[in-house]
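Reader: Before I rely on any descriptive term for this structure, I would like to see the value behind it and the definition that it has to meet. Could you take me through them in turn?

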Amino acid sequence: MRVNAVWQNIRQSLGFKRLFWHIFLTFWVASLAVMAATGYVLVNEYASNENNQRFLNLVTSQAERIVWRYEHETLVSGTAKRKIKDWIQQRENRRGELLPMLILDANGKTVFHYRMNKVPPEQRSEQQVYGPSNAQYSVFVHRPQAPHILKQVLYRFQSLQFVFIFIASALVSALLSWTIVKPIKYLGAFSRKYANEQTISSLPSPMLNRGDELGDLATDINFMVSKTHEAASAQQRLLHDVSHELRAPLARLQASAAIIEQKQPDNRHVKQIHNDCHRIDQLIQQILNFSTLENTMPEPKQCELLALCERILDDMAVNYPGIPTTLTPPKGGAQQSLIMCFPEAVHQALDNIIGNACKYSNKGESVDVTIEPLHDNVVIRVRDHGPGVNKDEIEKLLQPFYRAGNQMHTQGFGLGLSIALKAIHKHGGQLHMTSPSDGGLSVEVTLPKNVAPRD
Amino acid sequence: MENEKYNILLVDDDVDLCALLGEFLEGDGFTVDTLHSGDKAVDTLLNTNKYDTVVLDIMMPGMSGLDVLRTVRAKKQTPILMLTGRGDDIDRIVGLEIGADDYLPKPCNPRELGARIRAIIRRTQQLKSAAVVHTELHGIVLDTGARTATVNKEVLTLTGAEFNALSLLMERAGQTITKQDMTQEVLNRPLEAYDRAMDVHVSRIRQKLSAVGVIDVIKSVRGVGYQMLTTPQPQEQ
C-alpha cells in the first residue's frame, strides 16, 4: 500500500507526459541515432575489407592444415581420406569452426570435401595452396560474405566506450532538457502565484535579461501580468465608481419622489417609484457582491458557523415573520462548527441560501438548518418545505439571473444562488441541491474546516 | 412637539441630494442646514450646539464621515445619524463604535430618514424631561438626570444610545429583554433585518464596564436578546 502510494507519487511528480521527458528522450534518441549511423558507415567501410581478409586468412590456414595432414597421412598409409573424415568428426565434436571447403589436388582428385555440394559454382571462389611437398592444390570455398551489419555494429557497441557514450549523451540530453524546462516551469509558477494571490511582483532580472526566446516570453508574461493587474483594478474601480454613481441619482430620485408624496399623499405612482428604487438598489448591491467575490482574496479568519446561522435566522425572523425556522447544532456544541474561512463570503452565501428557502416557502412551512461536521469538512443543510424545483431545473438555478419556473413576479434577481456558489467555490467547497421525495428543496453546502483557495 | 422646530444639519457632498432632502425634511417640519464637506462640518459642529441631530454621509471626498464623527465625538455629544453604503457592515459597526447614535443605509426612503431623526430627537427629549432616577447594581450608579454612569466614583463615558441601553437593562434587571423591544425603546424604532445596532451598543457597554472591573453582568440570550443579571455569572461563550 505504502510502496504503491510512493510509486504513484513518483509517477505524478515525474509526469511522463511532461515536456521535460519529451525533450530529453528526443535529444537522447537523436544523439544515439546519429552515433549509430556514424558507426554503421565506419563499420561498413572497414568491415568489408577487413572481413574479407580475415576470411581468406582463415581459409588459407584451414586448407594448409588439411593439405599438410593429407600429405602426411598418404605418405604413411595411403588411406588419408578416412582419417580426414575422422578429423572432421573430431573438430565438430569439439565445436570447432570448420569452414565448408573443397580441396582438389593438381590432378583434379578430391582431397577434402565438406558441405560444398549446395554451393553453386558461381558462388565459389578459388585459391591456391601448397603442401609440404610443394604440390599445388586448388581450394574452393563460398565467396566471403559480409556479416550481418547490425551484428557488427552491436559487436562494436559492446564496449566500455559505448557505455560511456550512452551515459554521457543521457546526461547532456537531461541537462539540455532541464535548462529549457526550468525557466518555463518558473514562469508557470509565477503566473499561478499571481492568479492566486492577485499581488503584483516583477520577475527577477536574470530571467528577463536572458536574451533568448524564454527571456522574451518572461518579458511578455511580466507585461501581461501588469496589464491584467491594471485591468482588474480598473474593473474594480469602475464597478465601485459605477455603483456609487448609480446610487447618487437613485438617492435623488427617491428624495424627489418623497417630496411629491409629501404634497400628494395618495399618488400610487410614487409608491411604484419607491418600489423600483428599492429594487434597483438591491440589484446594484448584488452585482457589487458578485464582483467583489470574484476579484478579492481576503485573509481567512476564524468563524463559528453556528453563531453565524443563528444571526442569519434572526434576520430571517424579522424579514419573513410567518416562516418558522429550526437550527440543529452539531453534536459536541459550538466548537464543532468552528472553521477558518472568509466570513463575509460565507455569510453572504448562507444568507442567500436561507433567504431563498424562506422566500419560496408559504406561511407556516418551516425552514430547517442543520450543521454537521464530516471529516475535514462541515456540512450545512438547508431544507424548505415549499413548492420545490423540477429536477431538470435544479442545475439552472445556479446560473445568474435564472429563476425557477420563470417567477418574474417574485422579489429578487436570480443572483442569490450564483453568489452563494461563487462564495463556496472560493473556499474549495461544494453546493448540492436535491428535491426530497416529500417536497421542498434541500441545499447542501460543504465547506472545508480550513479554507483551501482554488487554483 | 409638532410646533417646535428642530434644527437638522445635513452633511453630504452631493449638493443636489442635500437640497432635495432638505426640502423634504422642511416639509416634515424641521429646520435644515446643509454642508458639503467634512472640514466645514467639523468647524460648525465644534462651534455651536444649535443642532438637534446631524445627518452625516460616510463617503465624502477629503475628510470622511467617520473622521468627522471621531473628531466631533471627542468634544461633543450632539446626536449623529450616519448614512452608510448598503452592505458595508464594517462601516456601520465602526460608526456605531465610534459613537454614532444610529445608521441608515443609503440610498434610503427620505420618510425613513425623517422617522429616524424624530426617533433620535424623541429619545434625547425624553431623557431631558425624564424624572431623575438613581439606580444602583453591581456597583454601577446611574443618574438619569445628569445622564451619568459611575462605577466606584469613576465616570463612564457613554453615548446616548449606550446610556439608554444600560439604563433599560438595569431597570429590568433579571428579565430578558428581546432585541425588538430594546431597539424600540432605546433607539425608538423597530428592529430590522441585518440590524446590528443593539449588538454593537451592548458590546460597547460590556467593554466599558469590563474596563472598570465589572464583568459578566450582561448575558446574551441566543436568538432572543439580552439580560442584566442580578448576580454576575460567567458566559458560556
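The exchange below goes from the whole of one chain to its sheet and then to a pair of helices.

Author: This is a predicted model, in which local features need pLDDT of at least 70, side-chain atom pairs count only at pLDDT 80 or more, and totals for chains, interfaces and linings use all residues. Residues are numbered from 1 along each chain as its sequence is written, chains are lettered from A and ligands numbered from 1 in the order in which they are written, and side-chain values use heavy atoms, with hydrogens and water left out.

Reader: What makes a residue of chain A count as buried, and what percentage of the 455 residues do so?

Author: Buried means under 20% relative accessible area, with over 50% called exposed and the range in between partly exposed (1.4 Å probe, protein chains only); by that standard 36% of the 455 residues in chain A are buried.

Reader: Why are β8(A) and β9(A) called paired strands, and in which sense do they run?

Author: Strands are DSSP runs of E with at least two residues, helices are runs of H or I with at least four, and both are numbered from the N terminus. Two strands pair if DSSP finds at least two bridges between them; strand β8 (residues 367–374) and strand β9 (residues 377–384) of chain A are joined by seven bridges and run antiparallel, so they meet the definition of a pair. One of the bridges links I371(A) to I380(A) in β9(A).

Reader: What makes β6 and β10 of chain A the edge strands of their sheet?

Author: The sheet is open, with five strands in the order β6-β8-β9-β11-β10 (chain A) and mixed pairing. Within this sheet, β6 (325–328) and β10 (430–434) of chain A each pair on one side only, as edge strands do.

Reader: Why are α6(B) and α8(B) described as roughly perpendicular?

Author: Axes are lines fitted to C-alpha atoms, for helices over the stretch in contact (heavy atoms within 4.5 Å), and angles run from 0 to 180 degrees between N-to-C directions. Helix α6 (residues 160–171) and helix α8 (residues 197–211) of chain B cross at roughly 80°, their axes coming within 9 Å. Angles of 65 to 115 degrees count as roughly perpendicular, under 35 as roughly parallel, over 145 as roughly antiparallel and the rest as oblique, and the two helices are therefore roughly perpendicular to each other. Among the residues making the contact are A165(B) and L166(B) of α6(B) and I205(B) and L209(B) of α8(B).
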